[in-house]
Amino acid sequence: MKTLKEVRVGETVKVVKIYGEGALRRRIMDMGITKGVEIYVRKVAPLGDPVEINVRGYELSLRRADAEMIEIE
């Protein structure tokens, strides 16, 4: 299982599954991160948190803890 947290800058990946429950999972899905969507990793902050991604044509920053809940291929 590979998560979004492990992806390098410049890679494009596809979401397989979103882990978590309740409001946390709903918040991730409300940002446009759903099963099957492609994510491009633009930047990672110097200390690794947050991660800046492109999803559905817009830029988004995610905490590493949230990125760890997104399984990718």
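Helices and strands are DSSP runs, with at least four residues in a helix and at least two in a strand, numbered from the N terminus. In this predicted model, the elements of the protein chain run β-β-α-β-β-β-α-β from the N terminus on. The chain thus has two helices and six strands. Its radius of gyration is 11 Å, close to the 11 Å that the globule rule gives for 73 residues, so the chain is as compact as a globular protein of that length. The C-alpha atoms fill a box of roughly 30 × 25 × 20 Å along the principal axes.

Burial and contacts were then computed for the chain. Of the 73 residues, 36% are buried. Among contacts with a separation of 6 or more, 54% join residues 24 or more positions apart. The exposed area of the protein chain is about 4600 Å². Carbon and sulfur atoms supply 49% of that area. As for charge, the chain carries 14 positive and 12 negative side chains. The centres of the two sets lie 1 Å apart.

The six strands form an open sheet. Their order in the sheet is S1-S6-S2-S3-S4-S5, and the pairing is antiparallel. Strand S1 (2-3) and strand S5 (58-62) stand at the edges. Each has a single partner strand, so one side of each is left without a neighbour in the sheet. Further in, strand S3 covers residues 38-44 and strand S4 covers residues 51-55. These two strands pair in the antiparallel sense over five bridges. One bridge joins Val41 to its partner Ile53 in S4.

Helix H2 spans residues 64-67 and includes Ala65. Asp66 also has its place in helix H2. The two residues can be set against the cut-offs for burial: under 20% relative accessible area is buried, over 50% is exposed, and values in between are partly exposed. Ala65 has a relative accessible area of 47%, so Ala65 is partly exposed. Asp66 has a relative accessible area of 4%, so Asp66 is buried.

The surroundings of each residue were also examined. Leaving aside neighbours within four places in sequence, Asp66 is in contact with Leu24, Arg27 and Ile28. For Ala65, the distance to Pro50 was computed. Ala65 and Pro50 are 15 residues apart in sequence. In space, their C-alpha atoms are 9.2 Å apart.

Key: Residues numbered from 1 in each chain as written. Predicted model: local features only at pLDDT ≥ 70, side-chain atom pairs only at ≥ 80, totals over all residues. Heavy atoms only, no water. Rg over C-alpha atoms; globule rule 2.2 N^0.38 Å. Buried < 20%, exposed > 50% of the residue type's maximum accessible area, 1.4 Å probe, protein only. Contact = heavy atoms within 4.5 Å. Areas by Shrake-Rupley, 256 points an atom, 1.4 Å probe, with all protein chains shown as cover. Lys, Arg positive; Asp, Glu negative; His and termini not counted. Charge placed at Lys NZ, Arg CZ, Asp CG, Glu CD. Pairing = 2+ DSSP bridges.
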